[in-house]
Amino acid sequence: MTAFAGRLSDARWTAARSVGIAGIILGTIAFWLALPPLTSRTELLPIAIGIVAIAAGIWSWSRDERRIGGGAAMAGLLGILLGVAANQSSVENLDQVVVWSALLAATLRYATPLTYAAIGGLYCERAGVINVALEGMLLTGAYFGIFGAIESSSWAGKWAWVVGILFAAAAGMAMATVHAVWAIHFKVDQIISGTAINFLALGITGYLFINRYGDTGTPGDVPDYGIPDVHLHFLQDWYFIGPIFGQLNLMIWLSFVLLIGTYIFVFRTPYGLRLRSVGEHPRAADTVGISVYRVRYIAVIASGGIAAMGGAYLSLGFVHSFNENMTAGTGFIGLAALVFGKWRPFPTYAAALLFGFSSALADRLPTAYGNQWGTLFQALPYLLTLIAVAGVIGRSIGPAAAGRPYVKQ
């Protein structure tokens with residue numbers, strides 16, 4: 001009873017942490033009130049609410065809740081700035097850009113390749129191998145996914161996308177195997193190895209693309225055998241929910257399954273415990289009979305297959321074509337989401353959604369405000385990563401043995 005009462009006292013509304021969280025929420029509200037459908041037309045409202053949020057952050061900071069307090073103060077400041085900026089805009093432009101159902105549906109689409117890349121990286125880094133090669137594995141999956149689908153379309157028909165995903169996963173696993181051999185067997189610096197993989201993937205996919213498809217690019221009938229959308233007809237007429245979940249690509253639904261399955265496997269099974277033990281204390285794991293090398297090889301190769309499936313979604317389920325370097329840093333943002341989420345599946349997905357939302361917003365801004373604003377918001381994921389890792393959530397500390405080659409004695 002005493003412990004329970006202690007937990008209740010820690011959670012009271014006047015606690016520094018609770019006040020800081022309230023400040024973050026108020027900072028968000030300060031901006032939200034100026035957006036559709038409310039569209040408040042007074043600048044005093046976001047300023048007043050933002051000042052309260054900043055005061056809550058300062059109060060929380062002064063009582064040693066520095067991360068939450070700093071986040072509240074920053075949320076309040078951003079709420080003021082963005083709320084005032086929204087009031088300077090016309091209602092017509094705001095209505096054109098801020099369509100919440102369309103924004104959230106686009107957020108899911110943009111977050112999906114990030115999710116596959118980040119979850120692939122989670123398996124690899126939880127085993128103690130740093131994987132900056134996610135970008136290369138994603139790009140490899142994008143090319144070989146569409147290549148496999150196009151080449152098999154003559155005999156596989158509408159199921160060619162299945163062959164494409166298998167091709168993508170196999171190619172990603174092959175690329176990951178190279179990284180695994182260099183990093184685990186030859187004990188090459190894992191950052192250098194991953195960077196080399198990224199350049200290797202860029203060169204291979206670029207050469208094969210030009211050699212196979214030339215200046216004409218991929219065929220225009222890819223949507224006929226691309227990864228299908230899942231139509232939930234009973235949802236499509238629901239207000240707000242229907243436009244978001246009524247028609248989503250199959251790979252988006254599979255990403256939800258991947259998240260839940262990863263959480264259960266990594267944190268609720270003996271195999272997941274072995275994976276984490278190899279990443280935290282490989283010597284101790286070896287002592288109790290766990291093969292450090294085998295676990296790391298399996299984890300790295302699996303990460304390549306998972307990340308490559310995200311690339312296949314990009315080319316076969318989203319864009320329906322392939323272009324050189326079409327991932328354009330998506331793998332790096334997925335790695336940032338993994339760090340943001342502290343190597344845990346659901347916080348990592350929350351970061352991917354945040355980054356996906358900025359990309360979705362960047363797509364809609366140019367129609368009303370010009371291309372410069374879209375370009376600015378494309379850079380927002382990197383800015384958010386710096387703010388979150390350095391200021392709001394503090395240091396993100398990965399698995400203890402990550403990046404350290406293991407030498408069996």
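Rings of Phe, Tyr and Trp, the last taken by its six-membered ring, count as a pair if their centres lie within 6.5 Å. In this predicted model, that rule gives 19 aromatic pairs. Two of the pairs are set out below.

| Pair | Geometry | Centre to centre | Angle between planes |
|---|---|---|---|
| Tyr143 and Phe322 | edge-to-face | 5.3 Å | 70° |
| Trp159 and Trp161 | tilted | 6.1 Å | 35° |

Tyr143 belongs to helix α7 (residues 134–156), while Phe322 sits in the loop between α14 (292–318) and α15 (330–340), so their pairing ties together parts that are 179 residues apart in sequence. Tyr143 and Phe322 are both buried. They also belong to one aromatic cluster, together with Phe144, Phe147, Phe167, Phe209 and Tyr213. In the tilted pair, Trp161 has a relative accessibility of 11% and counts as buried, because the cut-off for buried is under 20%.

A charged side chain also meets an aromatic ring: Arg344 lies over the face of Phe267, 4.4 Å from the ring centre.

Phe322 appears again in the largest nonpolar core, which has 69 residues; Phe322, Leu108, Leu275 and Val300 are the members that touch the most others. The elements giving two or more residues to this core are α6 (100–126), α7, α8 (160–185), α9 (190–213), α11 (250–268), α12 (270–280), α14 and α15. Apart from this core lies another, of 13 residues, including Leu35, Ala360, Leu361 and Leu365.

Which residues does Leu275 contact, leaving aside its neighbours within four places in sequence? Leu275 is in contact with Tyr123, Arg126, Ala127, Val266, Val295 and Ala299.

Technical notes: Residues are numbered from 1 along each chain as its sequence is written. This is a predicted model: local features need pLDDT of at least 70, side-chain atom pairs count only at pLDDT 80 or more; totals for chains, interfaces and linings use all residues. Side-chain values use heavy atoms; hydrogens and water are left out. Rings of Phe, Tyr and Trp (its six-membered ring) pair if their centres lie within 6.5 Å; planes under 30 degrees apart count as stacked, over 60 as edge-to-face and the rest as tilted. Helices (H or I, at least four residues) and strands (E, at least two) are DSSP runs, numbered from the N terminus. Buried means under 20% relative accessible area, exposed over 50%, partly exposed in between (1.4 Å probe, protein chains only). A charge sits over a ring if NZ of Lys or CZ of Arg is within 6 Å of the ring centre and within 35 degrees of the ring normal. A nonpolar core is a set of buried Ala, Val, Leu, Ile, Met, Phe, Trp, Tyr and Cys residues joined through side-chain atoms within 4.5 Å. Contact means heavy atoms within 4.5 Å.
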